[in-house]
Every structure is written in structure tokens, then in C-alpha cells.
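Colleague: Could you take me through the metal site in this model, slowly and in detail? After that, I would be glad to hear how the rest of the chain looks around it.

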Amino acid sequence: MKACGGMVMVNENLDPGSAAPAGTGPAAQELATNVIFIVPDGFGDVAAEAYELYKGSDPVWKSGFQAHVRTASASSAVTDSAAAATAYATGVKTNNGSVAVDTEGNALVSILSLAHDAGKSTGIVTTDVVTGATPAAFAASEDDRDDTAEIAQDYIDRDELTVILGGGREDFRADPDRDGMTTLREAEAAGFDYVTTADQLAASESERVLGLFNFGPVGLPVGNRSSEPTLAEMTDAALDRLDADEDGFFLVIEAAGTDTWGHANDAASVMRAAAEYENAMQVALDYAASNPGTLVVTVADHETGGMRLDPDGDRTPAAFRPYEAPYVEMFYEAMEAVADLGFSLSPRSIIRAVRDTIFDLTGGLVRLERDEILSILDASSVEEAVLELGSFLNARGGVEYTTTGHTGADVSLHAFGPGADLLEGSVDNTEVGHWLAAAMGLSFPEEQVADGALLASGMIPVMGDPWADSLM
Ligand SMILES: [Zn+2]
């Protein structure tokens with residue numbers, strides 16, 4: 001179905017009982033029994049372009065392009081992950097920082113709750129802490145995304161989730177409802193098998209599983225990851241359990257590293273995080289291939305870093321392939337090499353130590369210039385020094401960043417399976433939530449539909465933004 005006359009048609013004829021008269025629209029659509037919704041946080045379109053060059057072939061999502069998604073929140077043209085996830089999860093625009101509540105603070109019904117009420121199993125999987133804003137908007141409601149212990153409590157109180165996998169142990173050791181039991185104890189009482197390593201996850205035979213594999217985020221390409229599952233392994237473990245429900249499931253998966261490293265302006269680590277995201281996406285697509293009622297959707301929540309890509313000759317993101325460590329680690333190793341100089345410390349030996357360290361950690365690709373090293377050493381803080389080093393390493397791949405924050409850029413949505421092609425053109429992020437509901441034959445409460453999107457008519461204007469007035 002194509003956008004026409006400035007309008008995009010959505011949600012028509014999703015009900016199998018109301019086949020369209022010939023010639024007036026698409027044939028009745030099959031409903032999605034299962035939905036796998038994958039959010040690569042902060043992974044903008046330019047970063048995706050860079051990843052394609054880094055990889056050297058099409059990423060698995062490429063053939064499923066459906067729509068450009070506008071990302072502004074109710075409070076800002078530049079959204080945060082909380083408002084962005086709320087738009088996807090509830091179909092309603094809210095303020096930055098808010099998790100599944102509207103701009104007045106009223107709790108909103110999420111797509112995950114709709115799926116649960118329709119008899120489906122549900123799950124959240126992330127490389128961030130599981131109480132992070134992106135999964136939280138699907139399974140909790142809080143005015144402030146930083147109330148993470150309350151978000152964990154919401155997960156257990158609502159009793160909707162079958163699978164919770166990610167990081168963030170600390171939030172489950174609290175007792176926000178002051179009933180004398182930590183949230184973790186309450187989760188175990190509710191039947192969750194609590195696991196903390198990849199081996200325990202693989203060995204668990206429990207239908208309900210709470211896997212918290214780190215105190216902080218998991219899956220960062222730094223530090224000791226030996227006991228942590230990968231995002232693909234977590235996705236696989238989640239699908240194993242959700243698959244048991246004949247009524248289907250709704251699974252949210254977040255790849256967080258693409259945002260984390262975007263904030264750090266570390267393009268090479270964004271590429272590694274994108275590879276981990278793609279591996280998880282592949283697991284989802286493999287599942288869908290053998291389970292035809294499965295809709296697989298992937299869309300970033302916003303862009304992070306404002307990457308500019310200007311490849312020239314050998315200077316393409318493929319140059320990042322041999323980079324072995326995040327830039328921040330490279331910097332600390334270089335400083336250690338300087339400290340190790342001891343009595344042979346001299347201006348010349350300092351420059352050589354930095355150059356040799358970075359040369360090694362980039363797989364022999366980058367020999368920093370003397371001027372570059374001097375400007376790194378001249379920085380006024382570690383943060384600035386790492387950004388300076390990063391700018392030189394990014395430049396070897398034809399990449400430059402324009403901010404360490406988020407941007408207001410549109411993001412691309414890719415989808416595969418039943419209902420995928422009912423969302424097309426240029427859409428608002430709130431429309432994604434309503435489309436997900438419609439793809440499963442569900443809909444949000446009436447007041448939430450009126451609040452969030454113009455879906456009653458099945459037609460959504462492409463031009464003009466009904467929320468423009470609130471974007472001050
Ligand atoms: Zn971010």
C-alpha cells in the first residue's frame with residue numbers, strides 16, 4: 001500500500017471479519033499472533049549507513065523498510081528514550097523523562113498490557129538495566145524514569161511479564177512498597193526463577209525467568225563479559241519460553257549499546273553494538289520464519305550523536321573493524337604506558353608511548369600524528385581527552401559527530417510479517433503504537449486513542465503535526 005494524496009492509510013481491514021470490498025483497499029489482513037519489537041536505542045539512519053559499510057553487506061533488517069518515524073516528544077523537539085518509548089508503547093506523546101504517563105501524569109495503558117489482557121505472554125529483554133526507560137514504558141508507569149526501584153516494583157505488582165532479562169540487580173534489592181520484602185523476593189514468590197549468569201539462564205527450566213546479569217548494564221563491549229549472555233542468547237531464551245503460549249506473545253527487545261557509545265561519540269563501539277543488535281534481530285527473524293504469525297519490527301527511538309558520514313578512499317567505517325577496545329579504554333591504556341615510562345619519561349617518549357599504544361589497539365591501523373597526540377594531552381579533562389582521541393579515530397573511518405546528546409532526526413522503521421505493510425510513509429512515533437495494537441487486532445482505550453493519534457478515521461495526515469503547539 002502506498003501513501004497517496006498526502007495521507008497514509010493504516011489499520012484498515014485488519015479485522016479478518018471485515019474483508020474490504022474489491023477495489024477499495026487491501027485485502028483483509030492476517031493478524032499477528034506474536035510481536036517481537038526490537039529497539040536499537042539511539043541508532044539513527046546515518047549510524048545504520050555506517051554499519052552497512054562496516055559490515056560490508058546488507059544488514060538483515062534492510063529489506064524490511066516501511067516508514068520514516070518522527071521522534072519529537074511533547075516537551076521537546078529532541079526526545080529522550082522515556083518519551084520515545086512511551087509513544088511506541090502507548091500511542092501517546094508525553095514529556096521527556098516520563099514513563100507511560102501522559103503530560104498530566106495519568107498512567108497510560110501499554111501495548112504490552114493489551115497483549116497480556118488478550119491472553120498473550122509478554123517479555124522484556126535489554127542490554128541496559130531492565131528498569132531502563134525503554135523497557136519500562138512497556139511494563140510500568142512512573143512520572144520519572146529515574147525512579148528505577150519503583151519501576152521494578154511495577155513489573156512485579158502488575159504480574160504481566162513472563163520473561164525479564166537484562167542488567168540492574170540493584171533495583172530489585174530495594175523494597176519500595178515497604179512490605180518487608182525486596183522486589184526480588186516478591187518476584188521469586190510470584191514464580192520467577194532468578195538467574196545471574198548465562199549458564200544459569202541456559203540451565204533454567206522455569207517458565208518464568210528473571211535474569212539480572214550485572215549490577216549495571218550488560219553487553220557493553222568492555223570489561224568481563226564471560227558470565228553474561230549476549231543479546232542474541234537472551235532473545236533466544238525469551239522466545240523459548242514465550243513460544244509455549246498458544247495465544248501468542250509480545251516481546252520487547254532493546255539494544256542499548258548503540259545509544260551508550262553514541263553519547264561517547266565512539267563510532268567503532270557503536271558498530272560492535274550494532275553487530276550484537278543484528279545478531280538478536282537474526283534470532284527473531286529465524287523464529288518468525290518457522291512461526292508465520294510473527295510480526296518482527298525494528299525501529300530506533302531517536303538518533304544519538306548526530307553522526308556525519310563522509311567516506312573517502314580508505315576512510316570508511318570498514319576501518320573500524322580492527323579497533324579492539326572502546327576509545328575510553330584506549331586512552332587509559334595510553335596513560336598507563338606513559339606512567340610505565342618511569343625514569344625514561346621525556347616529551348618524546350610520552351608521544352611515542354601514546355602512539356604505540358593506539359597503534360596496537362587499532363590493530364596496527366592508526367598511527368596518530370604528533371599534533372593529534374599533543375592536542376589529546378592538552379585536553380582539560382579526561383572526558384575531553386577521550387573525545388579528542390575519538391575524533392581522530394572516527395576520522396579514520398570517515399565519521400564525525402555533531403553532539404554528545406540526542407538529535408531530533410527521524411528514524412527508519414523496518415518490519416516483517418503480518419501487518420507490516422500497513423504502516424508506510426512518514427509517520428509520527430505515536431502511530432507506531434496504534435499500528436502495533438491493530439496488527440494484533442487490539443486497540444487502546446478510547447480516551448487514549450483520542451489523546452494520542454488520529455486513528456478513528458483510519459487516516460493519518462502526513463503533512464502537519466497535530467502536536468506542533470506543544471513543541472515549545
Ligand atoms: Zn541516550
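Modeller: Happy to! The zinc ion is coordinated by Asp259, which is listed with OD twice, together with NE2 of His263 and NE2 of His406, at 2.1 to 2.3 Å. Please keep in mind that this is a predicted model. The angles among the 4 donor atoms run from 56 to 155 degrees, and the site is irregular. A tetrahedral label would need all angles between 85 and 135 degrees, and the value of 56 degrees lies outside that window.

Along the chain, the donors of the zinc ion follow the spacing D-x3-H-x142-H. The short step in that pattern has a simple setting: Asp259 and His263 both sit in helix 9, residues 257-263, where they are 4 residues apart, or about one turn of the helix. Are these two residues buried or exposed? Asp259 has 13% relative accessibility and therefore counts as buried, the limit being under 20%. His263 has 30% relative accessibility, so it counts as partly exposed.

Now for the wider chain. It has 16 helices and 16 strands, and buried residues make up 56% of its 472 residues. Of the contacts with a separation of 6 or more, 73% are between residues 24 or more positions apart.

Helix 14, residues 382-395, is a good place to look next. Its 14 residues, at 1.5 Å a residue, should span 20 Å, and the end C-alpha atoms are 20 Å apart, so expectation and model agree. The buried residues of this helix are Ala385, Val386, Leu389, Gly390, Phe392, Leu393 and Asn394. They pack against several elements: helix 10 (267-290), helix 11 (327-339), helix 12 (347-361), helix 13 (370-377) and strand 12 (399-400).

Val382 also belongs to helix 14. With 38% relative accessibility, Val382 counts as partly exposed. Leaving aside residues up to four places away in sequence, Val382 touches Phe331 and Tyr332. Val382 and Val328 are 54 residues apart in sequence, while their C-alpha atoms are 8.8 Å apart in space.

Helix 11 also holds Ala339, which counts as exposed because its relative accessibility is 59%. From Ala339 to Ala353 there are 14 residues in sequence and 9.4 Å in space, C-alpha to C-alpha.

Helix 15, residues 429-439, gives you another view of burial: 11 of its 11 residues are buried, so this helix is largely enclosed by the rest of the structure. Among those buried residues are Glu431, His434 and Trp435. Helix 15 is followed by Gly441, which has a positive phi near 75 degrees.

While we are on backbone angles, two other residues deserve a look. Most residues other than glycine have a negative phi. Ala100 has a positive phi, near 50 degrees, in a residue other than glycine. Ala100 lies in the loop between helix 2 (81-90) and helix 3 (111-117), and its relative accessible area of 0% is why Ala100 counts as buried. Arg178 is a residue other than glycine with a positive phi, near 50 degrees. Its loop runs between strand 5 (163-167) and helix 6 (183-189). Arg178 has a relative accessible area of 76%, so Arg178 is exposed.

Finally, the pocket. The largest pocket has a volume of about 290 Å³. Its lining consists of 19 residues, and Asp45, Ala48, Trp61, Ser412 and His414 lie nearest its centre. Helix 1 (45-55), strand 3 (65-70), strand 9 (294-299) and strand 14 (411-416) each supply at least two lining residues. Helix 1 gives the largest share, with 4 residues.

To come back to your request, the zinc ion has Asp259, His263 and His406 as its coordinating residues, in an irregular arrangement. Two of these residues, Asp259 and His263, share helix 9.

Definitions and conventions: Residues numbered from 1 in each chain as written. Predicted model: local features only at pLDDT ≥ 70, side-chain atom pairs only at ≥ 80, totals over all residues. Heavy atoms only, no water. Donors = N, O, S within 2.8 Å, 3.2 Å for Na, K, Ca; no water. Tetrahedral: all angles 85-135°; square planar, octahedral: opposite > 155°, others 65-115°. Buried < 20%, exposed > 50% of the residue type's maximum accessible area, 1.4 Å probe, protein only. Expected span 1.5 Å × (residues − 1). Contact = heavy atoms within 4.5 Å. 1 Å grid on protein atoms, 1.4 Å probe; cavity = no way out; pocket = protein on both sides within 12 Å on 5 of 7 lines; lining within 4 Å. Points joined across faces, edges and corners; volume = space filled by probe spheres on them.
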